[in-house]
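Please look at the structure below and follow it from the surface to the interior.

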Amino acid sequence: MRNRLLYSSGIVSYALKDAAMSAFILFYYKQVLDLSGTLTGLAIAISIIWDGISDPLVGAWSDRLRSRIGRRHPLMIAAVIPLAVGFVMLYGPPASVLDDQGELFIWLLASILLVRTALTFFMVPYLALGAEITDDYHERSRLAGMRTNLGWFIGILASAMALMFLFNEENGVDGRFVIDNYYTYGWINGFLVILFSVLCIAGTWHYIPKLAGSAAHAGGNILSELMSTFRNKNFRYLVILDMALGGIGGITATLLMVTYTYFWELNATETSILFAGPVVAAVILVAVCSGYLNRVFEKQQLLRLTCLLTTINLLWLTPLKLLGLLPDNSTLVFILIYANWAIQVMMSILRMIATQSLLADIVDEHELVTGKRQEGVMFAAAFFSAKFISGFGYLVAGPFLDLIGLEAGVQPGDVSSTVLWGLGLIMGPGLALIMLVPMWMSFKVNMSHAGQLAVRRALTERSTSPDSS
């Protein structure tokens with residue numbers, strides 16, 4: 001448990017980035033700093049596309065790296081300070097750029113590129129490290145579960161605490177529209193990045209002798225190694241699944257805060273509760289139930305179940321509001337929003353656990369076929385596709401806000417019916433339509449427990465064979 005917690009602490013930086021994308025950045029730059037939604041979405045999209053391109057390159061570099069402290073830790077160490085600086089820049093553009101759309105766009109793009117590039121140098125080796133720590137089928141699920149649960153918990157805690165204490169209304173002024181509050185939040189993020197990254201690096205240091213001696217492949221070129229991973233059918237199916245989910249994630253992250261503010265007309269306190277409460281409930285439920293679910297269902301079955309339930313969950317709440325079928329009781333409506341988001345988050349957590357654990361198993365399958373141990377490349381290649389499409393999610397959602405006529409600085413309750421219908425349709429039925437793709441892919445993945453055990457036996461036999469040298 002101690003080792004799992006220390007390793008999982010490395011996910012905090014990624015969780016803080018997710019909090020920035022889902023809660024603050026688009027709202028901050030568009031509604032507070034008055035950067036157009038199109039330029040805001042474009043900056044985020046460019047950064048994600050670059051992020052997707054850099055991930056496989058860093059993954060391949062990490063797989064090939066030789067140093068006294070192993071393959072993973074040097075890149076993780078190098079990322080910490082630039083990542084912290086990037087967060088401070090992201091939330092604190094200087095006054096000199098605020099009055100010029102072009103300069104503000106360049107500042108946003110530069111700072112978010114720094115955050116994402118530094119995060120790539122930390123996260124890709126970090127995820128590969130998780131696949132190397134253990135080769136046990138169930139332990140991989142437990143490790144992925146703790147990492148995922150902690151990531152969700154920290155992500156929502158960062159958003160909820162900030163909304164509750166930093167961005168709340170004060171003296172009749174909505175704190176979400178006060179620039180200085182974001183400056184403070186940026187420095188807090190920078191401090192947390194350093195604290196938890198150092199904790200993870202120190203906590204996994206004792207694995208270095210084991211990792212330094214693990215199998216690695218140094219021949220060939222990076223491009224051929226990347227392409228070789230796609231020869232695995234199960235890997236291709238997971239990549240397509242993650243691509244669709246990446247698009248959904250990009251749209252959701254861009255529009256969630258906007259939807260809470262203008263579609264549901266919630267204040268900062270109610271929004272903070274929704275950022276925290278449903279996720280805490282989902283994390284607790286997953287932590288309590290995951291052991292039982294992993295015994296009853298195989299990973300591929302959980303993947304299918306979560307895709308199906310997510311699709312159904314997207315189809316009932318926002319259409320009810322658009323059709324005027326929700327009751328006038330605001331408390332009851334709030335409870336329905338709470339329950340809807342809790343279900344959504346719970347399915348997302350379970351799906352992420354299953355996907356990341358399956359990826360670790362696919363690494364073994366790939367090694368058996370090719371003789372190459374490529375955790376960094378495979379994890380990075382998988383996230384490349386998801387992030388690439390996620391960039392288009394932001395690229396769609398940003399201009400979408402301009403298209404439906406959402407003006408900067410407008411207060412909740414003052415938006416047009418076009419804005420309400422646009423947000424309701426895209427955040428409900430629109431996302432459900434995209435979910436049909438991952439649901440289809442989940443039924444094509446074939447990675448059973450028995451199959452993974454057979455792969456591990458074959459790898460063990462080959463490593464102990466006299467001819468293995």
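The paragraphs that follow deal with a surface patch, a cavity and the salt bridges.

The model shown here is predicted. A good place to begin is the surface. Phe 153, Leu 157, Met 161, Met 164, Phe 165 and Ile 273 form a nonpolar patch there. Together these residues have about 520 Å² of accessible area. Helix H6, which covers residues 137–166, supplies the largest share of the patch, with five residues. Phe 153 is a member of the patch and lies in helix H6. Its relative accessible area is 32%. Buried would mean under 20% and exposed over 50%, so Phe 153 counts as partly exposed.

Helix H6 appears again in the interior. Rolling a probe the size of a water molecule over the atoms shows where empty space is left. In this structure there are five cavities of 30 Å³ or more. The second largest of them has a volume of about 70 Å³. Its lining includes Leu 127, Arg 140, Arg 147, Gln 356 and Phe 379. Three helices each give at least two residues to this lining: H5 (101–133), H6 and H14 (330–370). Helix H6 gives the most, with four residues. By type, the lining of the second largest cavity consists of six nonpolar, three polar and two charged residues.

Helix H14 leads on to the next topic. How many salt bridges does the structure hold? There are two. One of them joins Lys 299 and Asp 361, with the closest N and O atoms 2.7 Å apart. This pair links distant parts of the chain, since Lys 299 is in helix H12 (residues 299–313) and Asp 361 is in helix H14, 62 residues apart. Are these two residues buried or exposed? Lys 299 has a relative accessible area of 3%, and Asp 361 has one of 2%. Buried means under 20%, so both Lys 299 and Asp 361 are buried.

The other salt bridge is formed by the side chains of Arg 456 and Asp 364, at 3.1 Å from N to O. Arg 456 belongs to helix H18 (residues 449–464) and Asp 364 to helix H14, so this pair ties together parts that are 92 residues apart in sequence. Arg 456 and Asp 364 are both buried.

Helix H14 can now be traced through the interior. This helix supplies at least two residues of the lining of the second largest cavity. Helix H14 also holds Asp 361, the partner of Lys 299, and Asp 364, the partner of Arg 456.

Key:
Residues are numbered from 1 along each chain as its sequence is written. This is a predicted model: local features need pLDDT of at least 70, side-chain atom pairs count only at pLDDT 80 or more; totals for chains, interfaces and linings use all residues. Side-chain values use heavy atoms; hydrogens and water are left out. Patches are made of residues with over 30% relative accessible area and no salt bridge: like charges are joined within 9 Å, nonpolar side chains (Val, Leu, Ile, Met, Phe, Trp, Tyr) within 5 Å. Accessible areas come from the Shrake-Rupley method with a 1.4 Å probe; for residues, only the protein chains shown count as cover. A salt bridge is a side-chain nitrogen of Lys or Arg within 4 Å of a carboxyl oxygen of Asp or Glu. Buried means under 20% relative accessible area, exposed over 50%, partly exposed in between (1.4 Å probe, protein chains only). On a 1 Å grid over the protein atoms alone, a cavity is a set of points where a 1.4 Å probe fits but cannot get out, and a pocket is an open set with protein on both sides within 12 Å along at least five of seven lines; lining residues have an atom within 4 Å of a point. Grid points are joined across faces, edges and corners, and a volume is the space filled by probe spheres set on the points. Ala, Val, Leu, Ile, Met, Phe, Trp, Tyr, Cys and Pro count as nonpolar, Asp, Glu, Lys and Arg as charged, and the others, Gly among them, as polar.
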